[in-house]
Amino acid sequence: MYSIIASNPGDTSVLKKKDFEIPSIKPNEVLVKNHSIGVNFIDIYFREGLYPWPQEKDLVLGSEAAGEIEAVGSEVKHFQVGDRVAYAQPNNAYATHRIINENLIVSIPDNVTFDQAAASILKGLTVKYLVTDSFKLQTHHKVLFHAAAGGVGLIAGQWISEIGCQLIGTAGSDEKCSKARVYGYNEMINYTNQNFLQEVQGLTQREGVDVVYDSVGKDTMSDSFKCLKKHGTVVSFGQSSGMYKNLQMTDLMSGSLHLTRPTLFHFYANREWLVDASALLFEMIAQQKIKLNEITEYALEEVGQAHLDIENRKTTGSVILKT
């Protein structure tokens, strides 16, 4: 048994392999043998120190995984040894095994693989709260979604196309734009050679969009507001280009605009929401309404390279680690 730890915030050189022994399991906990582990920008934010560390040293990164229960505590009610489960919780996933409270895991149905679950549980639940809980999308809405070719973006494209919205996406290359179109985007903008604000204004006859989903941050946020129609909403849910620090309340006056900064784990803490949302996600995957064809695999010990490839925009779709 081993994990990948970071002894202090920094670049990928801080990531080290460390063997460990399983401590005793508390009555309401289970021991999960991880088979597939998702890699996300939130892991990079923690590694770099952008998000505060929950402990002083030897932080195990990783926020989503799927595997099999190998042991259960004496008071566990809803799971047993051999059950296939997934979870999305900040840190402690980059490991062969993890002890976790039973209220933080969900069952994986037989028609969903470990790889699919690990590639989608955090990203798919993120899309769920974005499109139904943060701004409830309806068929008539016009939508701009940044980073459309990423793991969240490709799931979002398919989910939003099921709703029936007019969906515009941005990505950093013609290849990524082409891939995103396959996953539900009506129009794509290559932000490396096109001004996305001008393109959105043209595509909407200068009316603007109802909502912008922005996980990029510093490089996009200012113009994201300018893409909105009156009473439009920016849903900020990440900062892959860095934190946007120039917001003034008066920036919202231009169109009586709305801004929200939701976080998955505030929804995840509601067990009823978690069970219902994950069941809906896995059902959509099983029915191929959400396809996860863009999955890049690395060995767990290659997580540093996975981080570098994500940071340098070399990946599309989801990235997973195999134990």
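This is a short walk through the sheets, aromatic rings, pocket and cavity of a predicted model.

Okay, some ground rules. Because the model is predicted, local features need pLDDT of at least 70 and side-chain atom pairs count only at pLDDT 80 or more, while totals for chains, interfaces and linings use all residues. Residues are numbered from 1 along each chain as its sequence is written, and side-chain values use heavy atoms, with hydrogens and water left out.

Let's start with the sheets. When I say helix or strand, I mean DSSP runs numbered from the N terminus: H or I over at least four residues for a helix, E over at least two for a strand. Two strands pair if DSSP finds at least two bridges between them.

One open sheet has six strands, in the order β11-β10-β9-β12-β13-β14, with parallel pairing. So which strands stand at the edges? Those are β11 (187-190) and β14 (258-260); each has a single partner strand, so one side of each is left without a neighbour in the sheet. From one strand to the next, the twist averages 15°. For angles, axes are lines fitted to C-alpha atoms, for helices over the stretch in contact, and the values run from 0 to 180 degrees between N-to-C directions.

Zoom in on β10, residues 166-171: four bridges join this strand to β11, and the two run parallel. Ala-171, for instance, has Asn-190 in β11 as its bridge partner.

Helices pack on this sheet too, and contact here means heavy atoms within 4.5 Å. Helix α3 (residues 151-163) touches β9 (142-145) and β10, and its direction makes about 165° with that of β9. Helix α5 (residues 196-203) touches β9, β10, β11 and β12 (209-214), at about 155° to the direction of β11.

There's also an open sheet of three strands, β2-β1-β4, and here the pairing is antiparallel. β2 (15-19) and β4 (59-60) are at its edges with a single partner strand each, so one side of each has no neighbour in the sheet. β1 (residues 2-6) pairs with β2 over five bridges, and Ile-5 has Lys-16 as its bridge partner there.

On to the rings. Rings of Phe, Tyr and Trp (its six-membered ring) pair if their centres lie within 6.5 Å, and that gives eight aromatic pairs. Phe-41, Tyr-45, Phe-46 and Tyr-51 are linked into a cluster by ring pairs.

Charges sit over rings as well, meaning NZ of Lys or CZ of Arg is within 6 Å of the ring centre and within 35 degrees of the ring normal. Lys-17 lies over the face of Tyr-2, at 4.3 Å from the ring centre. Arg-84 has its charged end over the ring of Phe-114, 4.6 Å from the centre.

Last stop, the spaces. On a 1 Å grid over the protein atoms alone, a cavity is a set of points where a 1.4 Å probe fits but cannot get out; a pocket is an open set with protein on both sides within 12 Å along at least five of seven lines; and lining residues have an atom within 4 Å of a point. The largest pocket has a volume of about 960 Å³. How many residues line this pocket? The lining has 46, with Phe-41, Tyr-45, Val-152, Ser-215 and Ser-240 nearest the centre.

The whole structure has one cavity of 30 Å³ or more, and the largest cavity is about 60 Å³. α3 gives the largest share of its lining, four residues.

Key:
Rings of Phe, Tyr and Trp (its six-membered ring) pair if their centres lie within 6.5 Å; planes under 30 degrees apart count as stacked, over 60 as edge-to-face and the rest as tilted. Grid points are joined across faces, edges and corners, and a volume is the space filled by probe spheres set on the points.
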